[in-house]
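Trainee: I should like to learn how the terms used for a structure are justified. May we go through them one at a time?

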Amino acid sequence: MSLNATPRGERTHIAVFGRTNVGKSSVVNALTGQEIAVVSPVRGTTTDPVYKAMELLPLGPVVLIDTAGLDDEGELGERRKQKTRELIHRADLALLVIDALTGPDDFYRELLAELKQRKIPVVGVVNKVDALLDTDARAAVLAEVKAQLGLECVAFSALDGSGVPELKRAIVAALPHEEERFRLVGDLVAPGDLVVLVVPIDKAAPKGRLILPQQQTIRDLLESDAIAVVTKEHELRATLDRLGTKPRLVITDSQVFLKVAADTPRDVPLTSFSILFARHKGDLNELVRGARAVENLQDGDRVLIAEACTHHQQSDDIGTVKIPRWLRQTTGKQLQIEHVSGYSYPPNLSRYALIVHCGACMLNRRAMLHRLGEAKAAGVPIVNYGVLIAYLHGVFPRAIELFPSAMMAWDEAARGSQSQ
């Protein structure tokens with residue numbers, strides 16, 4: 001990823017759905033102006049999802065996702081369909097591609113109902129209108145689709161390029177531009193505020209780069225006209241002494257929470273990159289409640305540690321080494337720790353007593369909210385790395401004092417725990 005590129009997790013996800021061979025890949029190629037996806041008259045050409053990042057003004061950075069047909073057949077087809085269905089949980093907007101010559105049917109009615117049930121905005125695309133004889137025939141097809149599905153559609157031809165500007169406008173209209181969509185910390189500071197960022201040199205990060213949450217927080221502070229001072233944990237005390245004024249806020253990597261809390265004056269607000277991401281990508285209140293579940297863990301309980309990305313694991317890896325060790329030390333229990341990484345997520349969550357999730361910097365907000373919803377539906381508490389580490393290291397409630405609703409959730413969880 002270029003240092004200037006918007007991360008995929010911060011891009012609006014636009015997934016293209018429809019029957020096999022309706023021209024989904026051709027629609028993606030026409031929108032991007034590039035031969036991104038392989039196009040062929042052979043059914044099932046698209047197997048794994050194909051991602052293409054682009055800028056769509058005034059919406060901003062988006063990622064288009066080409067998918068396999070949801071009516072694919074055979075054993076391999078079932079696996080392709082499963083991959084496509086997983087994308088529904090990550091889609092901020094769905095393009096529903098319909099063949100102009102065959103029109104909609106029960107398949108599209110059921111798919112549209114599922115997308116609406118999940119509150120995913122939908123833009124209809126009637127492709128291959130170039131095969132129709134005249135404008136009256138095109139209008140008749142659009143009217144038929146609207147009558148059957150209740151969906152306004154764009155007349156489109158991937159072959160001659162007609163409908164591309166109209167489809168882009170429809171996408172922008174379905175997803176209004178949100179000025180605050182990228183804000184991590186900007187609402188907590190004012191122009192001119194001094195913010196100290198504590199950034200250990202993470203062995204898991206590529207040489208010459210900071211990890212993604214740190215990059216994005218620095219950028220957000222600069223966008224907010226605040227002043228960002230970056231230091232390592234062992235230099236924090238000297239940095240604060242030399243500033244000559246108290247910072248508005250100290251933000252730390254979760255792994256050094258304990259030392260940073262000790263070196264930061266009590267009247268200076270303190271939080272972590274991971275807690276900021278918990279608020280930005282998901283539901284901080286729900287994750288704070290999840291931290292309380294640690295008190296109820298028993299011998300033999302299963303704990304799932306989920307990471308949204310895959311990376312080379314170091315000897316002191318946070319997910320596979322440090323968090324399991326801290327959990328066992330704090331609880332004194334013999335816990336069964338299981339791990340999952342990437343976009344996969346176990347279907348049967350009810351067998352776990354607790355889910356510990358990473359900061360989700362590689363997931364978009366809808367995907368993270370889906371994971372939170374799956375945990376809640378299974379009756380399993382969920383917490384993320386930063387919230388859990390602050391709790392295990394005794395830094396609560398200081399780490400969430402900036403967020404009044406999270407403090408209320410913490411107090412409510414404490415009362416609930418005491419009444420059990």
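Mentor: Let us begin with the largest cavity, which holds about 40 Å³ of space. Please keep in mind that this is a predicted model.

Trainee: Why is this space called a cavity, and how many cavities are counted?

Mentor: A cavity is a set of points where a 1.4 Å probe fits but cannot get out. By this rule, with a lower limit of 30 Å³, the count is 1 cavity.

Trainee: Which residues line the largest cavity?

Mentor: The lining consists of F277, A278, K281, G282, L287, C358, G359, A360, M368 and N384. Helix α9, residues 273-281, contributes the most, with 3 residues. By class, the lining has 6 nonpolar, 3 polar and 1 charged residues.

Trainee: What makes the contact of K246 and D267 a salt bridge?

Mentor: The rule asks for a side-chain nitrogen of Lys or Arg within 4 Å of a carboxyl oxygen of Asp or Glu. In this pair the closest N and O atoms are 2.1 Å apart, so the rule is met. K246 lies in the loop between α7 and β9, and D267 in the loop between α8 and β10, so the pair ties together parts that are 21 residues apart in sequence. A search of the whole structure finds 16 salt bridges.

Trainee: Why is K246 called exposed, while D267 is called partly exposed?

Mentor: Exposed means over 50% relative accessible area. K246 has 53% and therefore counts as exposed. D267 has 49%, which lies between the limits of 20% and 50%, so D267 is partly exposed.

Trainee: How do you know that R289 and E286 are about one helical turn apart?

Mentor: Both residues belong to helix α10, residues 284-292, and they are 3 residues apart, which corresponds to about one helical turn. Their side chains meet in a salt bridge at 3.1 Å, N to O. R289 is partly exposed, at 35% relative accessibility.

Trainee: What makes the pair of R302 and E338 a link between distant parts of the chain?

Mentor: R302 forms a salt bridge with E338, with the closest N and O atoms 2.8 Å apart. R302 is in strand β11 and E338 in strand β12, 36 residues apart. R302 has 31% relative accessibility and E338 has 25%, so each is partly exposed by the limits of 20% and 50%.

Trainee: Which residues are linked in a network of salt bridges?

Mentor: R237, K259 and D263 are linked in such a network.

Trainee: Is T264 buried or exposed, and how do you know?

Mentor: Buried means under 20% relative accessible area. T264, in the loop between α8 and β10, has 4%, so T264 is buried. Leaving aside neighbours within four places in sequence, T264 is in contact with L236, L240, V250 and R398. A polar atom of the T264 side chain also lies 2.7 Å from the backbone oxygen of V260.

Trainee: Why is N21 called partly exposed?

Mentor: N21 has a relative accessible area of 33%, which is between 20% and 50%, and therefore N21 is partly exposed. N21 lies in the loop between β1 and α1. N21 and A68 are 47 residues apart in sequence, and their C-alpha atoms are 9.1 Å apart in space.

Conventions:
Residues are numbered from 1 along each chain as its sequence is written. This is a predicted model: local features need pLDDT of at least 70, side-chain atom pairs count only at pLDDT 80 or more; totals for chains, interfaces and linings use all residues. Side-chain values use heavy atoms; hydrogens and water are left out. Helices (H or I, at least four residues) and strands (E, at least two) are DSSP runs, numbered from the N terminus. Buried means under 20% relative accessible area, exposed over 50%, partly exposed in between (1.4 Å probe, protein chains only). On a 1 Å grid over the protein atoms alone, a cavity is a set of points where a 1.4 Å probe fits but cannot get out, and a pocket is an open set with protein on both sides within 12 Å along at least five of seven lines; lining residues have an atom within 4 Å of a point. Grid points are joined across faces, edges and corners, and a volume is the space filled by probe spheres set on the points. Ala, Val, Leu, Ile, Met, Phe, Trp, Tyr, Cys and Pro count as nonpolar, Asp, Glu, Lys and Arg as charged, and the others, Gly among them, as polar. A polar contact is a pair of N or O atoms within 3.5 Å; within protein, one must be able to donate a hydrogen and the other to accept it, and residues adjacent in sequence count only if both atoms are side-chain atoms. Contact means heavy atoms within 4.5 Å.
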